[in-house]
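Here is a short report on one protein chain. Read it with the structure open.

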Amino acid sequence: MKKLFALSLFLFSINNLLLGQTQFQNFLNYANTITDSLQKNAVIDSLITYHKAIRIPIAEEHFAIFLYKGSAATVSIAGDFNGWQPNLPMIKVTKSNFFYAAKYFELNARVDYKMVINSSSTWYLDPLNPNTCTGGFGPNSELAMPEYIQPKEIKYDSTVAHGKVEQKTIFSTNVNTSYQLKIYLPPNYNPTEGKVYPTVYFQDGFEYIDLAGAVNVLDNLIAAKKIENVIAVFVRPNNRNNEYAFSQRTAYRLFFVNELVPFVDSVYKTEQSPKRRLVLGDSYGGNISALICYYHPEIFGNCGLHSGAFQENNYEAYNLFISSPKKEVKFSMVWGTYEPLYPNMRHFRDSLEAKKYDYNWSELPEGHSWGLWRANIDFMLEYIFPYTPTGVNEGQNIPPDKFELYQNYPNPFNPSTVISWQLAAGSHVSLIIYDILGNEVATLVNEEKLAGKYQINFNTQQTTNNTQLSSGIYLCELRAGSAEGGFVQTKKMIVLK
C-alpha cells in the first residue's frame, strides 16, 4: 500500500512537470535518472497519455517527435520525407519498451509515414497517432505540423447545395476499350436552359472522388462563390501507366480529344472553347495532361499539374514545352519538396516564366501523395475558373460575398508573392499586411478602385519601415466598401526562409 501511494505521488509530480515543461529532451533526461523499470514505464505512460490528448507525434518548434511503446527489437520510420526507405531509426530508452525519434520539419509540413517493426516486410500505422491519410495503396499515418491548415473544403457539408453525379461509359476506337466516367453537374444545372458551363477533366478521376473528395470540393467552392459553376468529368483509366506515360499514351491522348470531349459536349451544356476547358492530373496524370495540352491547345487551354511526373520517355512532355514556341495554354501547378521531382518542377516553372506563360504555382513541404493533391484542387480551380459576380450596379449596398480576396501565391513565399482580389463595384480599397500580433507591416493599397480584378506583387522588403520580413505568419487584410457594412476579408501568409 505504501508503495502504491508513493507511486501515485510520483505520477502526480511527473504530470505537473509535463504541464509546465514540454521539451522532450528534458523529459528524457528526467526519465533516464530513474533506475526502477516499473517507475520508468509509469512515467513514460504518463507522457504518452498527456500528449495523446494534444498530438502525437509531438511537435516542438520545428521538430516532430515520433513515439512508440511495445515489444520490439527495432523500430524505424519510412515516409514521404525519406523516399519511403525505413532509414529513420527510433531510439530505445533503457529499461523500457519505449522508442522515440526526432526529425526537423517546416512548421507547415504535412507528410505520410508508417512504422517498420523488427525489420518486418509488414509496415504499420502509428498506433499512437489517430490521424491518417488514404492513398492509392491504403491509409498511411499523417504528420501535420502545427501551422498546417487542414483542407475543410474536401469534407461533405450538409448545409450547402449539392451537384448531381451521373455515370457513363464510352467506347474508344483509338484505344479499343471502354472507359467509365462520372460526370458532375453543378447545383441547378438545367439541360433545357441556354446557360453553358466550363468543364474540368480529371485524370485518375475516380480516385480524385474517393481519395481527394473532389465532388465535395466542387460543391463547397461553388457554394462559397469561390469558383464558377462548372461541369466536371472524372475519367477512370484502364491501364494507367501505359495510358498516361508509356505505350498507349498517344492512343489515349487521341481518345481524350477526338472522342471524349465531343461526347461530353454533345450530351451536356458545355462551353466549347479551349479557354473554358481544364484538364488536370496527378503524377503520371499530370504527364498526360501536359501532352494533351501541348498537342491540342485548340481543345484544352488550361493544364493542371499535381506533381507532374515528366521523367518517362526522356522527359517528353517537359521538353516539348520548354524547347518549343509558346502555346496558348495556362498552367496551374502544385508540388512538394519531399518528392524527388521538385527540382524539375521548379525548372519547368522558370521556363514557363521565360516564355511569358500565364501560370500560378505552389511549392509546399509535402510528399508525392493524395494528402497534397486533395488540399490543392481549390488552388487550381480558383485560378482557372474564379467566381465572377454579375448583375451588380455601382453605388448599391453590395453583399459581402460579391467581393473576394484570393489566397496569395506562392504561399509560403520568399522573397515575393502575388496577392489578387476582385471588386464587384467601385469603392475605397485598403490592402494591409499585419504581423501575427496585429502590428501593421505594410500598406499596399489605400485608394479608390473601379470594379474589376486586381493583383499586386509583394516583396518581403516592401515594408513600412523598409526592414526585411523574417520567417513567420502574417495576415493580409482587404477592406472595401463603406465603413458601415463594408467588406473585410483576411488571408494567412507565410514567409519561409
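Buried here means under 20% relative accessible area. Strands are DSSP runs of at least two residues, numbered from the N terminus. The model is predicted.

**Strand β7**

Start with β7 (110-117). Arg-110, Asp-112, Lys-114 and Val-116 point one way from this strand. Val-111, Tyr-113, Met-115 and Ile-117 point the other way. Are these residues buried or exposed? All are buried. Eight of the eight residues of β7 are buried, so the strand is largely enclosed by the rest of the structure.

Which strands pair with β7? Strand β3 (residues 75-79) is joined to β7 by five bridges. With β10, β7 pairs over four bridges. Strand β8 (residues 123-124) is joined to β7 by two bridges. The pairing of β7 with β3 is antiparallel, as is that with β10 and that with β8. The table gives bridge partners, with a pair from the strand β2 added for reference.

| Residue | Bridge partner or opposite residue | Strand of the second residue |
|---|---|---|
| Ile-77 | Met-115 | β7 |
| Asp-112 | Glu-142 | β10 |
| Val-116 | Trp-123 | β8 |
| Ala-59 | Ala-64 | β2 |

β7 and β8 also form a hairpin, with five residues between them. In its turn, Asn-118 has a positive phi of about 55°.

**The loop before β7, and a glutamate**

Asn-108 sits in the loop between β6 (98-104) and β7. Its relative accessible area is 8%, so Asn-108 counts as buried. Beyond its neighbours within four places in sequence, Asn-108 is in contact with Met-145, Glu-147, Tyr-148, Pro-365, Pro-412, Ile-494 and Leu-496.

Glu-366 belongs to another loop, between β18 (359-364) and α11 (370-374). Glu-366 is buried, at 2% relative accessible area. What does Glu-366 touch, not counting residues up to four places away in sequence? Its contacts are Arg-110, Tyr-148, Gly-336, Thr-337, Tyr-338, Glu-339, Gly-371 and Leu-372. Tyr-148 is thus a contact of Glu-366 and of Asn-108. Arg-110 links Glu-366 to strand β7.

**A pocket**

The second largest pocket has a volume of about 620 Å³. Its lining holds 23 residues. Trp-84, Gly-136, Phe-137, His-368 and Ser-369 lie nearest its centre. How is the lining divided by residue class? Seven residues are nonpolar, eight polar and eight charged. β7, β10 (138-144) and α11 each supply at least two lining residues.

**Nonpolar cores**

In soluble globular proteins, nonpolar side chains tend to be buried together. The largest nonpolar core in this model has 51 residues. Phe-256, Phe-300, Phe-331 and Met-333 have the most contacts inside that core. Apart from the largest core lies another, of 34 residues. Val-200, Ile-209, Leu-364 and Ile-384 are among its members.

Phe-331 has a long contact list, leaving aside neighbours within four places in sequence. The list includes Cys-303, Leu-305, Phe-321, Phe-348 and Leu-352. Tyr-357, Asp-358, Tyr-359, Asn-360 and Tyr-383 are also on the list.

**An open sheet**

Four strands form an open sheet in the order β1-β2-β6-β5. The pairing is antiparallel. β1 (58-60) and β5 (91-92) stand at the edges. Each has a single partner strand, so one side of each is left without a neighbour in the sheet. β1 is joined to strand β2 (residues 63-69) by three bridges.

**Backbone exceptions**

Most residues other than glycine have a negative phi, and most peptide bonds are trans. Which peptide bonds are cis here? A cis bond joins Tyr-409 and Pro-410, with omega about -5°. The bond from Asn-411 to Pro-412 is cis too, with omega near 5°. Pro-410 lies in the loop between β19 (404-405) and β20 (416-423). Pro-412 is found in the loop between β19 and β20 as well. Pro-412 is also one of the contacts of Asn-108.

Lys-95 is not a glycine, yet has a positive phi of about 55°. Lys-95 sits in the loop between β5 and β6. At 51% relative accessibility, Lys-95 counts as exposed. Asn-313 has a positive phi near 55°. Asn-313 is placed in helix α9 (residues 312-323). At 32% relative accessibility, Asn-313 counts as partly exposed.

Methods
Residues numbered from 1 in each chain as written. Predicted model: local features only at pLDDT ≥ 70, side-chain atom pairs only at ≥ 80, totals over all residues. Heavy atoms only, no water. Buried < 20%, exposed > 50% of the residue type's maximum accessible area, 1.4 Å probe, protein only. Contact = heavy atoms within 4.5 Å. Core = buried A, V, L, I, M, F, W, Y, C linked by side-chain atoms within 4.5 Å. 1 Å grid on protein atoms, 1.4 Å probe; cavity = no way out; pocket = protein on both sides within 12 Å on 5 of 7 lines; lining within 4 Å. Points joined across faces, edges and corners; volume = space filled by probe spheres on them. Nonpolar A, V, L, I, M, F, W, Y, C, P; charged D, E, K, R; others polar. Pairing = 2+ DSSP bridges.
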